[in-house]
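The following exercises concern a single protein chain. Each task is followed by a solution in steps.

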Amino acid sequence: MLPEPDPTLCRALADDLRTAGFAGAALREAWGVRADDAVARGLRGPAERALGGRRDALAVLGRLWVLGAPVAREDAAAALPGLGLDGAEALGLVALDGDRVVPAALIRPQPFADADGDVEWWIASDLDEAALGGPLPEDHVLGVGGASQTLATLQLTWRGGSALDLGTGCGIQALRLRRLVPRVVATDISERALRFTRLNALLNDVDGIETRLGSLFEPVDGETFDRVASNPPFVITPRVAGVPAYEYRDGGLEGDALVASVISSVGAHLAPGGVAQSLGNWEYRESESGLDRVHGWVDTSLDAWVIEREVLDPLAYAELWVRDGGTIPGTPEYARLIGAWLDDFASRGVTGIGFGYVLLRRPLAGAPTLSRYERVAGGGESAFGPHLAACLENHDRAALLDDEGLASAVLQVAPDVTEARHHRPGEESPSVIELRQGGGFARTLDVDSALAALVGACDGDLSVGSLIDAIAQLLDVDAAELRADVLPRVRELLVTGFLAFADA
């Protein structure tokens, strides 16, 4: 078990890391961009070769806690003058082995940027496959993986009074939520994970994070929050003997039941106006769509926006997660585990597995106004959070307007929107007009000439109704009929971020 982190030792470690210049940019410069990319893929050889015989503090601590490689005792002692080797051992970060110091955990710089500026945390977690030289133990506490990064990019920029990080792992979401709220409760079924969370909070001098042990919402029974974030153990793993179940990724329930439980239960823990955001996998079955299944899990008193990013077939899904556990393709164990996954899926008639994002909100007053279940494959994740926040604000404002009110509104086209027109050779009029979104989810919409003209004219000057009337006259069509046709599509362009209110 990881020792309970001592605040004094954590402060000493932070001072030593700071003195060594232990930061992402410095490490990339030390071993080069290509080696840095290799480290992210679990290959430490290029970085070790690039460091060569360097014995300065940055190189020593980089080998020890980023690459997960043993270092000379003399070099480690020089790199940690404040903490000392005994202090590093007391924190559970190293093991002393004669004239060597062996890493017992990883510590990696983790940059993050939001409206409050840039920050770089040091995030401690368990040793990875490269450092262990084999499969991970089932109680492994993951560092900042791809799913954690994805959830972070999705987080709305809205502030609140309190937040819940459900299934905190190493605590990265709790640290990010703490920048938006003064109080965060971080829960997990793993005491080891909670100790890493406490260690990381102390190491980065972040207060206001309370950790609680327990499954799902049991540790916060009866409590509500303004923000909830969850990267739950959503991987669908066979519940049969001989198949490893990793605490950080496998929910311990059959199929997608754990994700269903998170989605169906979170509404009871949302304060009015509160927002929950999570990742998830859901099954497609022979008689039921995955998105339809998710729709059935959602509390009907909540606003809901569910975005499916991809669907994998059962074999591809099994291969992904068997490899993730460290089992090598081509071995008998790999074939056995793939077979177990496929048998499990076949027992429930699973034809595919969807992956996506779930956003749920407790309306401030009245009934919910948002219910979107869609497949969106495009976009760069770096801007999802601000984009979602802007889209929700557009939706909320438009939902309060009837058609007459929307016609009176003054809109402007988003700065990332462009238009593409496709013509058949020799024809003057386009056969296809597309509106393309450069940011957000990079949506592409086919539109007709009337809607294209309206979007092109939304420059923050004239009202929507005035523009429709002018376009109706230009196209020689009935203005009332054009309004009835265009206004619902204007609402869609607002919620998807193509248009915005000019005075926002």
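**Exercise 1. The nonpolar cores**

Leaving aside neighbours within four places in sequence, with which residues is Trp-65 in contact?

*Solution.* The model is predicted, and the solutions below should be read accordingly.

Step 1. Beyond its sequence neighbours, Trp-65 is in contact with Leu-13, Leu-17, Leu-80, Ala-88, Leu-93, Val-94, Pro-103, Ala-105, Leu-106, Ile-107 and Arg-108.

Step 2. Place this residue in its core. The largest nonpolar core has 121 residues, and Trp-65 is listed with Leu-13, Leu-17, Phe-22, Leu-93 and Ile-107 as having the most contacts inside that core.

Step 3. Look for a further core. Another one, of 29 residues, lies apart from the largest, and Val-464, Ile-471, Leu-494 and Leu-499 are among its residues.

**Exercise 2. Helix α11**

Describe the length, burial, packing and ends of helix α11 (residues 191-203).

*Solution.*

Step 1. Compare length with expectation. The 13 residues of α11 reach 18 Å from first to last C-alpha, close to the 18 Å expected at 1.5 Å a residue.

Step 2. Assess burial. Of the 13 residues in α11, 11 are buried, and the helix is mostly covered. The buried set consists of Arg-192, Ala-193, Leu-194, Arg-195, Phe-196, Thr-197, Arg-198, Leu-199, Asn-200, Ala-201 and Leu-203.

Step 3. Identify the packing partners. The buried residues of α11 pack against the helices α1 (7-19) and α10 (172-178), and against the strands β4 (106-114), β5 (117-125), β7 and β8.

Step 4. Inspect the ends. At the N-terminal end, Ser-190 acts as a cap, with a side-chain oxygen 3.3 Å from the backbone nitrogen of Arg-192. Just after the helix, Asp-205 takes a positive phi of about 55°.

**Exercise 3. Salt bridges**

How many salt bridges does a search of the whole structure find? Characterise three of the pairs by distance, location and exposure.

*Solution.*

Step 1. The search finds 37 salt bridges.

Step 2. Take Arg-55 and Glu-74, whose side chains meet at 3.7 Å, N to O. Arg-55 lies in the loop between α4 (45-51) and α5 (57-66), whereas Glu-74 lies in helix α6 (residues 73-79), so the pair ties together parts that are 19 residues apart in sequence. Arg-55 is exposed, at 52% relative accessible area, and Glu-74 is likewise exposed, at 61%.

Step 3. Take Glu-223 and Arg-183, whose closest N and O atoms are 3.4 Å apart. This pair links distant parts of the chain, 40 residues apart: Glu-223 is in the loop between β8 (209-213) and β9 (225-230), and Arg-183 is in strand β7 (residues 183-188). Glu-223 is partly exposed at 22% relative accessibility, as is Arg-183 at 32%.

Step 4. Take Glu-283 and Arg-285, joined by a salt bridge of 2.8 Å, N to O. Glu-283 is buried, with 0% relative accessibility, whereas Arg-285 is partly exposed, with 24%.

Step 5. Look for shared partners. Glu-4, Glu-191, Arg-195 and Arg-198 are joined into one network by salt bridges that share partners.

**Exercise 4. Cysteines**

How many disulfides does the structure hold? Examine Cys-10 and Cys-391 in support of the count.

*Solution.*

Step 1. The structure holds 0 disulfides.

Step 2. The closest cysteine sulfur to that of Cys-10 belongs to Cys-170 and is 15 Å away, too far for a bond. Cys-10 is buried, at 0% relative accessible area.

Step 3. Cys-391 is in no disulfide, the nearest cysteine sulfur being that of Cys-458, 16 Å away. Cys-391 is also buried, at 1% relative accessible area.

**Exercise 5. Positive phi in loops**

In which loops do Ala-442 and Asp-476 lie, and are they buried, partly exposed or exposed?

*Solution.*

Step 1. Ala-442, a residue other than glycine, has a positive phi, near 50°. Its place is in the loop between β16 (432-437) and β17 (444-447). Ala-442 is partly exposed, with a relative accessible area of 32%.

Step 2. Asp-476, a residue other than glycine, has a positive phi, near 60°. Asp-476 is in the loop between α19 (464-475) and α20 (479-495). At 70% relative accessibility, Asp-476 is exposed.

Note on methods. Residues numbered from 1 in each chain as written. Predicted model: local features only at pLDDT ≥ 70, side-chain atom pairs only at ≥ 80, totals over all residues. Heavy atoms only, no water. Salt bridge = Lys/Arg side-chain N within 4 Å of Asp/Glu carboxyl O. Helix = DSSP H or I, 4+ residues; strand = E, 2+ residues; numbered from the N terminus. Buried < 20%, exposed > 50% of the residue type's maximum accessible area, 1.4 Å probe, protein only. Expected span 1.5 Å × (residues − 1). Contact = heavy atoms within 4.5 Å. Polar contact = N/O pair within 3.5 Å; in protein donor to acceptor, adjacent residues only side chain to side chain. Core = buried A, V, L, I, M, F, W, Y, C linked by side-chain atoms within 4.5 Å. Disulfide = S-S within 2.5 Å.
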